[in-house]
Amino acid sequence: MRAAPVFVSQEELKAQQDAARQVSALPNRPGSYHIVTYGCQMNAHDSEKLAGLLSGMGMTEAPDRREADLVLFNTCCIRDNAERRALGNITWLKELKAQKPGLIIGVCGCMVQQPAMAQKILRQYRFVDLAFGTHNLHCLPSLLLSLLTQRSRVFSVTDDETLIAEGLPVKRLNAYHAYITIMYGCDNYCSYCIVPYVRGRERSRRMDDILREAEGLVKSGVKEIMLLGQNVNSYGSGSATETFPILLRKLDAIGVERIRFMTSHPKDLSDELIQAMADCPHVCHHLHLPVQSGDNEILRQMNRRYTREAYLDRVRRLRQAVPDIGLTTDFIVSFPGETQAQFERTCDLVDEVGFDAAFTFIYSPREGTRAAALPGRIEAAESTRRIETLIRHVEASTERVHQSLLGTEELVLVEGLSKRDEGMVSGKGRRNITITFPGDARDIGAILPVTITSCAANTLRGQRKER
């Protein structure tokens, strides 16, 4: 049953604001902070909120963790290596804390929300001072106040997965690009995925709140908005008036120059959404549509609730409505029991669809998910062989796409100076491919027409087109 969202009360938000004022007045409060972020765009946006809260407590951002008085790790647990990397980096700070006894080390996010993880941190990482989960991010001021005044470690993980906190301060990473979370949680329960257990059940923000936030961003000079959710396609599910296609049309109408969104679940990619993408001039022609496998039996075992044929039908419908749309995807290889023939069907799917790019992963068992108990684990050497083979198919697909774009024109939002080439700038076109072309710092934040002249493995090169 779908979770009904519970909005954090104004009284609670005011209590957190009061706690923030008290922290800012403490003589022993940290003067600076540094946030280390792992994982997806939703984690990145959570870190922007954490930075906003810490800045509101009078702290400044330190460019390096070695220079900070408070280091906060915002963690991911979607794959085992992400969790191990986070824990390894946290352990690295043990030596730094020995040199700086006043250093405060905090851990938050998806990893902490896992069952018993907070207790594990409490027991095994005694130099960690603060830990909290995904559902009580808004409580950071009161948690930090308790830590500083009681001088004891603070660990807080709530199981209330229906909360939505509106109006939190945000310190954005980019003046021209902004994230807006439109929904939280996930109801799909793919058999390999831990997200529903750490992000909670699916709940949507009110459309009026989203539109109000977007209007404010446009007034502040933001050129591009990325809408975020574990499955944005099911935003407002159950409502006839607050659906994702309606939201896209309303955002398009208020004048957001560029609109992106992720992530989309193939089973919920409706004809109404495809038509909205075709009709709305400000919606970028790119869709990240994770397929995970090209084999129907593996898709069934993954609990993806679509078939290879249904996925290909959605691709055909997208390209009919938006001929120049760029498609990216995710793949998991070596899912328990995957045969060589089933793996080859995934490679064949890459060749058939012609993706712009793909994120490829070896299956990573996550405790608590159904797939973790499945037999047929694939040996590491075979998994490595498979992912290397799949990557070759993806690279060939990317090269074909890039070659097809030579001579075409793209509108590029300039994000910064090229890190490799002097006298060049780079940014993303509407298709979400990085494009590098001649320019300087004055171009940053502008949307410029560029003619594609050459391509590399992951990027395009071009020349600015005179208006």
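Colleague: A disulfide is a pair of cysteine sulfur atoms within 2.5 Å, so how many disulfides does the count come to here?

Modeller: By that rule, zero disulfides. This is a predicted model, where local features need pLDDT of at least 70 and side-chain atom pairs count only at pLDDT 80 or more, while totals for chains, interfaces and linings use all residues. Residues are numbered from 1 along each chain as its sequence is written, and side-chain values use heavy atoms, leaving out hydrogens and water.

Colleague: Why is there no bond for Cys139?

Modeller: Its closest cysteine sulfur is in Cys108, 12 Å away, which is too far for a bond. For Cys190 the closest cysteine sulfur, in Cys193, is 6.0 Å away, again too far.

Colleague: Is Cys190 buried or exposed?

Modeller: Cys190 is buried, with 8% relative accessibility. Buried means under 20% relative accessible area, exposed means over 50%, and partly exposed lies in between (1.4 Å probe, protein chains only). Cys139 is buried too, at 14%.

Colleague: Different topic. What is the strand order in the open sheet of six strands?

Modeller: The order is β3-β2-β4-β5-β6-β7, with parallel pairing. Strands (E, at least two residues) and helices (H or I, at least four) are DSSP runs numbered from the N terminus; two strands pair if DSSP finds at least two bridges between them.

Colleague: Which strands stand at the edges?

Modeller: β3 (60-61) and β7 (154-156), each with a single partner strand, so one side of each has no neighbour in the sheet. Elsewhere in the sheet, β2 (residues 32-37) pairs with β4 (residues 70-75) over five bridges, and Ile35 is opposite Leu72 in β4.

Colleague: Which strands does helix α6 touch?

Modeller: Helix α6 (residues 140-150) packs on the sheet and touches β4, β5, β6 and β7. Contact means heavy atoms within 4.5 Å.

Colleague: And helix α9, which of its residues are buried?

Modeller: In α9 (residues 244-254) they are Phe244, Pro245, Leu247, Leu248, Leu251 and Asp252. They cover an arc of only 160° around the axis, so they lie on the same side of α9; the arc is that of the directions from the helix axis to the C-beta atoms. What covers them includes α8 (207-219) and β12 (224-228).

Colleague: What comes just after α9?

Modeller: Gly255, with a positive phi of about 100°.

Colleague: Last one: how many bridges join β15 and β16?

Modeller: Six, with β15 (residues 326-333) and β16 (residues 357-362) pairing in the parallel sense. Ile332 is opposite Phe361 in β16.

Methods
A disulfide is a pair of cysteine sulfur atoms within 2.5 Å. Axes are lines fitted to C-alpha atoms, for helices over the stretch in contact, and angles run from 0 to 180 degrees between N-to-C directions.
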